[in-house]
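Here is a short report on one protein model. Look over the sequence and the structure first, then read on.

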Amino acid sequence: MPKLLFLFLFFLLFLLRPHHVSAHFIRQPSRPLVFTPHNRPDSHPQQVHVSLVGNNYMKVSWVTRGSGVSSTVEYGKTPGKYESTATGEHTSYYYFLYTSGKIHHVTIGPLDPATVYYYRCGGAGPEFNFRTPPATFPIEFAVAGDLGQTEWTSSTLEHINASDYDILLLPGDLSYADTQQPLWDSFGRLVEPYASRRPWMVTQGNHEQETFPIIYPKGFKAYNSRWPMPYKESASDSNLYYSFDAIGTHIIMLASYADFHVHSNQFNWLAKDLAKIDRSRTPWVVVLLHAPWYNSNLAHQGEGESMRVAMEEMLYNSRVDVVFVGHVHAYERFTRVYNNKANPCGPIHVTIGDGGNREGLAMLYKDPTPSISLYREASFGHGRLRILNDTHAHWSWNRNDDSVSVVADEIWFKSLSSSSSCFPKVQPTIEPTSEKDEL
Ligand SMILES: *[C@@H]1O[C@H](CO)[C@@H](O)[C@H](O)[C@H]1NC(C)=O
Ligand SMILES: *[C@@H]1O[C@H](CO)[C@@H](O)[C@H](O)[C@H]1NC(C)=O
Ligand SMILES: [Fe+2]
């Protein structure tokens, strides 16, 4: 009985709490899980998705249930006419009583930029097509985190698809399978219409871990088998952190759930990766990771703090332009910031963990709003980063206003590499970063 009372009071508090919403917007309630069934023959491809792997190459990934299917992709620039063929590899994994299908990964290329390729997987089933990223500006990234597979996820994905983009960036928490492996398959089928058309570049969140004491201590079995990213190509030793280039932009995917402490493998790899950036080739540097370093939502407070303490100085010294994070199921945009203070040479931090997962929104915020937080709102949605040229970019956050997508927050900003006061960089004085200031 006291438990019920407590729940009721909590719910009341939840409803009464004031939060930032525009006058005309009425927040929609959470929506149910979408299970996407398998409706093709076993030997036909399902869960098709593509990702960038090195310059001018694409990795095609899919799953089959039949045993005899080869890991072969036929592709070409005309529908139904496949001038090229490539063969790759396949894997599978166990998780307690679950055995995955045959998971195929085939790298194809070299491919021309900004070109539509038609392709078929394993010599059977439907034809798919994708478009390669452009070789000149502008380039547009869709950004969505904490996707899950609810009706909200479906509407976010429709909104992302409704206007054109080149590459999707996902700062962690994909399927919310949470050890229920068939939900990884369902997620793969849900995203296939989108992830087979544009490269999806992802990093991991806590929902990808799926560790189990003694049996699966390292975790990430499903994630690493199904979503291999180009870590070898970026000299990383782990699929959990890597980097890649897309016209004029160097993108670094960090791991909130691998060791990030000073002189860990990830830390050393990041230092080397940052040192290799050539700003005349990639004037923009974007970082993605899962657990926010800056966050004025009451959810997940402090969870990214030890990673911030370990790595923020490196990112700052390298003049990273933007950091996208997830984990908190809401949207928040900070000013340029370093060491908990506004800093014109620090990155803009954006929380975009509002893709639509089953856990719902994180509604409660610190009061008053910290001065470094410029916009915050607990609604589902997705982001768009459109890089126009070496110096100018446009960011927008698109709220799922029921079934339509509405631009709720947008800014123009300039690259730090074009700022004479930040770049070429003056060696900053080293400040201690261990004290956790209140945001
Ligand atoms: C995504 O957009 C393309 C281009 O407008 C369209 O042809 C396709 O049907 C869309 N996909 C889905 C699943 O809505
Ligand atoms: C870059 O794009 C912005 C926005 O469209 C424009 O104002 C600016 O002149 C462009 N700069 C160059 C060098 O083309
Ligand atoms: Fe998360």
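## A helix across two strands

Which helix lies across strand 1 and strand 2, and at about what angle does it run to strand 1? This is a predicted model. In it, helix 3, residues 182-195, crosses the pair. Helix 3 runs at about 60° to strand 1. Strand 2 covers residues 58-64.

## The open sheet

Strands 1 and 2 belong to an open sheet of four strands. The order is 1-2-8-5, and the pairing is antiparallel. Strand 1 (46-52) and strand 5 (89-91) stand at the edges. Each has a single partner strand, so one side of each is left without a neighbour in the sheet. From one strand to the next, the twist averages 20°.

Look now at the strand 5 edge. Strand 5 is joined to strand 8 by three bridges. Strand 8 spans residues 102-108, and the two strands run antiparallel. One residue pair to pick out: His90 has His104 of strand 8 as its bridge partner.

## Around ligand 2

Four names mark this site: Leu388, Asn389, Thr391 and His392 surround ligand 2. By class, the shell has one nonpolar and three polar residues. Charged residues are absent from the shell around ligand 2.

## The whole protein

The protein has 24 strands and six helices. It contains 439 residues, and 47% of them are buried.

How do the contacts spread along the sequence? Take contacts between residues at least 6 apart in sequence: 70% of these join residues at least 24 apart.

Definitions and conventions. Residues numbered from 1 in each chain as written. Chains lettered and ligands numbered in written order. Predicted model: local features only at pLDDT ≥ 70, side-chain atom pairs only at ≥ 80, totals over all residues. Pairing = 2+ DSSP bridges. Axes fitted to C-alpha atoms, helices over the stretch in contact; angles between N-to-C directions. Contact = placed C-beta atoms within 7 Å. Near = placed C-beta within 6 Å. Nonpolar A, V, L, I, M, F, W, Y, C, P; charged D, E, K, R; others polar. Buried ≥ 20, exposed ≤ 12 C-beta atoms within 10 Å, placed from the backbone.
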